[in-house]
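Let's take a friendly walk through a protein and the ligand it holds. Keep the sequence and the 3D view open while you read.

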Amino acid sequence: MDMAMMYGQLGISEKVLNYAKEVEESLKERFAEIDATAEYNQIKVIKAMQDARVSDVHFAATTGYGYNDLGRDTLEEVYAKAFHGEDALVRPQLISGTHALTVAMSGNLRPGDEILSPVGKPYDTLEEVIGIRDSIGSLKEYGISYRQVDLLPDGSFDYENIKKAINEKTKLIEIQRSKGYDTRPTLSVSKIGELISFIKEIKPDVICMVDNCYGEFVETIEPTDVGADMIVGSLIKNPGGGLAPIGGYIVGRKDCIERAAYRLTAPGLGKEVGATLGVSQSLYQGLFLSPTVVAGAVKGAIFAANVYEKLGFAVVPNSTESRHDIIQAITFGTAEGVIKFCEGIQAAAPVDSYVVPEPWAMPGYDSDVIMAAGAFVQGSSIELSADAPIKPPYAVYFQGGLTWYHAKLGILMSLQKLLDAGLITL
Ligand SMILES: *Cc1c(COP(=O)(O)O)cnc(C)c1O
């Protein structure tokens with residue numbers, strides 16, 4: 001059977017295949033750059049594992065208090081080395097990215113301190129953590145205040161107002177690398193470095209924390225290479241490589257990590273406790289695979305941008321922009337377009353491919369939301385997934401793909417669904 005027949009078995013027509021082939025051929029050089037980044041980061045991870053003398057004894061499960069969990073302690077050493085921090089907290093007990101960010105902030109802030117976000121509104125879930133939206137147990141309830149300086153309309157930093165916003169209370173700077181599900185640009189690591197340098201010149205002892213979600217291994221450097229005191233992320237996104245079944249990480253300055261650890265477990269206990277229950281091997285192996293998994297996801301995002309931009313849809317980032325995270329937004333302008341796209345992503349999944357996603361009134365959203373995912377790990381967004389609020393401008397956000405071929409299939413399938421519904425012509 002030839003390739004077209006293989007795709008044909010899954011319902012992809014030759015029309016879609018030929019259109020996609022043309023697009024893919026135009027991306028050879030960019031894909032080669034992505035492969036070079038993956039190669040660099042692969043070596044970085046292997047070097048960290050070798051220097052930490054990783055061995056199969058580190059994959060053993062611990063239970064109970066988890067004293068002397070060598071696998072856990074060594075994995076934290078590997079993360080610290082790979083991301084060039086002094087220390088790390090990498091735990092299955094950090095149950096998500098939001099939780100890791102909460103632990104990093106609440107461990108390092110005290111009553112009377114102030115948080116500053118110099119890059120606009122933080123990720124949705126952090127609004128209740130910080131107390132931008134009132135919530136039980138928010139940092140606001142503990143007497144911690146918050147300030148925000150928005151990016152300028154062209155996406156650059158508003159240095160003048162950032163300088164004005166820094167005061168004697170400013171203790172922690174929250175810098176979100178990825179645009180997340182917002183419309184602002186994603187920040188490159190070097191841009192983040194410029195911002196940190198500017199802030200440290202005004203107030204050297206402030207803690208610069210970077211929400212690194214979706215950014216890990218997209219570039220050859222991380223925010224810790226350009227002055228960040230802490231970087232924080234989720235293991236069911238990039239650094240878990242699709243294998244980590246749970247977890248979050250914080251890497252950075254030793255004193256910052258210690259305070260975060262005292263908050264995660266208990267004052268006095270810190271990093272000394274926390275059983276790993278047998279997940280360590282997946283966390284090591286996921287980190288090992290992460291550079292190539294991220295490369296596949298970035299290729300998928302760029303491929304989608306090119307496929308849909310050529311058809312006249314607005315895409316963010318656009319077809320030629322350099323990439324600093326794995327998220328791709330495509331504006332379809334109609335509910336039907338968004339729904340067909342998500343149906344395609346779902347139909348391409350290895351898990352739950354027979355399910356048809358439908359918009360529903362998800363708690364916490366002001367419109368119906370449609371989500372497509374057929375993942376091995378629930379909620380994992382390093383796996384191919386898409387979601388969209390059913391409201392203008394009818395944009396879908398999609399990310400992930402554990403392999404480039406799967407990401408490609410998802411996009412081909414979305415094209416096929418749109419074509420069959422008469423929403424595009426090829
Ligand atoms: C996903 C994400 C988070 C939160 O992570 P969860 O694991 O979903 O709690 C925070 N910030 C950004 C930018 C993210 O993309």
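The report below looks at the ligand and its surroundings, then at aromatic rings, and last at one aspartate.

This is a predicted model, in which local features need pLDDT of at least 70, side-chain atom pairs count only at pLDDT 80 or more, and totals for chains, interfaces and linings use all residues. Residues are numbered from 1 along each chain as its sequence is written, and side-chain values use heavy atoms, with hydrogens and water left out.

**Around the ligand**

Start with the residues near the ligand, meaning those with a heavy atom within 4 Å of it. Among them are Leu-101, Gln-176, Asp-211 and Ser-234. By class, this shell has four nonpolar, five polar and two charged residues; here Ala, Val, Leu, Ile, Met, Phe, Trp, Tyr, Cys and Pro count as nonpolar, Asp, Glu, Lys and Arg as charged, and the others, Gly among them, as polar. Helix H5 (residues 97–108) gives the largest share of the shell, three residues. Helices (H or I, at least four residues) and strands (E, at least two) are DSSP runs, numbered from the N terminus.

The table lists polar contacts with the ligand, that is, pairs of N or O atoms within 3.5 Å; within protein, one atom must be able to donate a hydrogen and the other to accept it, and residues adjacent in sequence count only if both atoms are side-chain atoms.

| Residue and atom | Distance to a ligand oxygen atom |
|---|---|
| Ser-96, polar side-chain atom | 3.4 Å |
| Gly-97, backbone N or O atom | 2.7 Å |
| Lys-237, polar side-chain atom | 3.0 Å |

Taken alone, the ligand exposes 380 Å², and the protein buries 89% of that. These areas come from the Shrake-Rupley method with a 1.4 Å probe; for residues, only the protein chains shown count as cover.

**Rings**

Lys-237 also lies over the face of Tyr-214, 4.2 Å from the ring centre, and over the face of Tyr-123, at 5.5 Å. For this, NZ of Lys or CZ of Arg must be within 6 Å of the ring centre and within 35 degrees of the ring normal.

How many aromatic pairs does the structure hold? There are 16. Rings of Phe, Tyr and Trp (its six-membered ring) pair if their centres lie within 6.5 Å; planes under 30 degrees apart count as stacked, over 60 as edge-to-face and the rest as tilted. Ring pairs link Tyr-308, Phe-313, Phe-332, Phe-341 and Phe-398 into a cluster.

**One aspartate**

Asp-229 sits in the loop between strand E5 (207–211) and strand E6 (230–234). The side chains of Asp-229 and Lys-200 are joined by a polar contact of 2.6 Å.
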